[in-house]
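Colleague: I would like to learn how to read a model such as this one, feature by feature. Could we go through it together, with the general idea and then the case at hand?

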Amino acid sequence: DIVVYENATHGQFGEQPLCAIELKSFNPPKGKIIADLERNLFFLKLKANTGTSVLRYTLFAALHWNKKFNINENEKHKINLDKRYEEILVTLRQKNQDIIIRKEIFSLSKSVGTVEIEDIDIENDTVIESLDSSTKHHFMGVIVCFEKRI
């Protein structure tokens, strides 16, 4: 996981954190998603005897792989993934009204398979092809941004 720093120009000494980024691999379980999102909120709201957190925003990013994929299911996958994250975010929005919560869901890569040449018949000027469905996939990405209301 990553923290982006900036050189402070408003009274802070040295670098200060600008943004924390939490990254997940493919198809993280719901419990891990919730734990990471709650940690990001904690970092934004952190208070100590030296003051409050100077983080302006946090990002959470995850990848999702749809094992069952047909060419016409792109929008269906996006809707299902959006619903999954919205179920998680609805409670966080209610408990954290001082935080702006934005979500973006998008396709990263998709393929119905790879066409492979099986044989070339030079005499009849034909090519025999087959579809290797082992490369069939639909990868999607999710980014959730938490930002302090100013």
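Colleague: Which residues have the most contacts inside the largest nonpolar core, and how many residues does that core have?

Modeller: Bear in mind throughout that this is a predicted model. To read a core, one looks for buried nonpolar residues that are joined through side-chain atoms within 4.5 Å. Here the largest such core has 20 residues, and those with the most contacts inside it are Leu37, Tyr85, Leu92, Val144 and Phe146. Two or more residues each come from helix H1 (30-45), strand E5 (57-65), helix H2 (74-95), strand E6 (99-111) and strand E9 (137-148), and H2 gives the most, with 5 residues.

Colleague: Which residues does Tyr85 touch, leaving aside those up to four places away in sequence?

Modeller: Tyr85 touches Pro28, Ile33, Phe60, Ala62, His64, Lys103, Val142 and Val144. Tyr85 is itself buried, with a relative accessible area of 0%.

Colleague: Stepping back to the whole chain, how many helices and strands does the secondary structure come to, and in what order do the elements run?

Modeller: The protein chain has 2 helices and 9 strands, which from the N terminus on run β-β-α-β-β-β-α-β-β-β-β. Of its 150 residues, 29% are buried, and among contacts between residues at least 6 apart in sequence, 65% join residues at least 24 apart.

Colleague: In what order do the strands of the open sheet lie, and which are its edge strands?

Modeller: For a sheet, one reads the order of the strands first and the sense of each pairing afterwards. In this case 5 strands form an open sheet in the order E1-E2-E5-E9-E6, with mixed pairing; the edge strands are strand E1 (2-7) and E6, each of which pairs on one side only. Direction ignored, neighbouring strands of this sheet are turned by 15° against each other on average.

Colleague: In which sense do the strands pair, parallel or antiparallel, and over how many bridges?

Modeller: E1 and E2 pair in the antiparallel sense over 6 bridges, and within that pairing Val3 stands opposite Ala20 in E2. E2 and E5, by contrast, run parallel and are joined by 6 bridges, with Thr58 in E5 as the bridge partner of Ala20. E6 and E9 are again antiparallel, over 12 bridges, and there the bridge partner of Ile101 is Phe146 in E9.

Colleague: Which strands does H1 touch where it packs on the sheet?

Modeller: H1 touches strand E2 (15-26), E5, E6 and E9 as it packs on the sheet, and its direction makes about 170° with that of E5. When reading such packing, it helps to recall that in a regular strand the side chains alternate between the two faces of the sheet.

Colleague: How many aromatic pairs does the count come to, and why does the pair of Phe26 and Phe139 tie together parts that are far apart in sequence?

Modeller: The count comes to 4 aromatic pairs. Phe26 and Phe139 form a tilted one, at 5.0 Å centre to centre and with 55° between the planes; because Phe26 lies in strand E2 and Phe139 in strand E9, this pair ties together parts that are 113 residues apart in sequence. Both rings are partly exposed, Phe26 with a relative accessible area of 38% and Phe139 at 24%.

Modeller: The rings of Phe60 and Tyr85 have their centres 6.3 Å apart and their planes at 50°, so this pair is tilted as well. Since Phe60 lies in strand E5 and Tyr85 in helix H2, the pair ties together parts that are 25 residues apart in sequence; Phe60 is buried, at 0% relative accessibility. Finally, ring pairs link Phe26, Trp65 and Phe139 into a cluster.

Colleague: How many disulfides are found in the whole structure, and why is there no bond between Cys19 and Cys145?

Modeller: A disulfide needs two cysteine sulfur atoms within 2.5 Å, and a search of the whole structure finds 0 of them. The cysteine sulfur closest to that of Cys19 is in Cys145, 7.2 Å away, which is too far for a bond. Both residues are nevertheless buried, Cys19 at 2% relative accessibility and Cys145 with a relative accessible area of 9%.

Note on methods: Residues are numbered from 1 along each chain as its sequence is written. This is a predicted model: local features need pLDDT of at least 70, side-chain atom pairs count only at pLDDT 80 or more; totals for chains, interfaces and linings use all residues. Side-chain values use heavy atoms; hydrogens and water are left out. Buried means under 20% relative accessible area, exposed over 50%, partly exposed in between (1.4 Å probe, protein chains only). Helices (H or I, at least four residues) and strands (E, at least two) are DSSP runs, numbered from the N terminus. Contact means heavy atoms within 4.5 Å. Two strands pair if DSSP finds at least two bridges between them. Axes are lines fitted to C-alpha atoms, for helices over the stretch in contact, and angles run from 0 to 180 degrees between N-to-C directions. Rings of Phe, Tyr and Trp (its six-membered ring) pair if their centres lie within 6.5 Å; planes under 30 degrees apart count as stacked, over 60 as edge-to-face and the rest as tilted.
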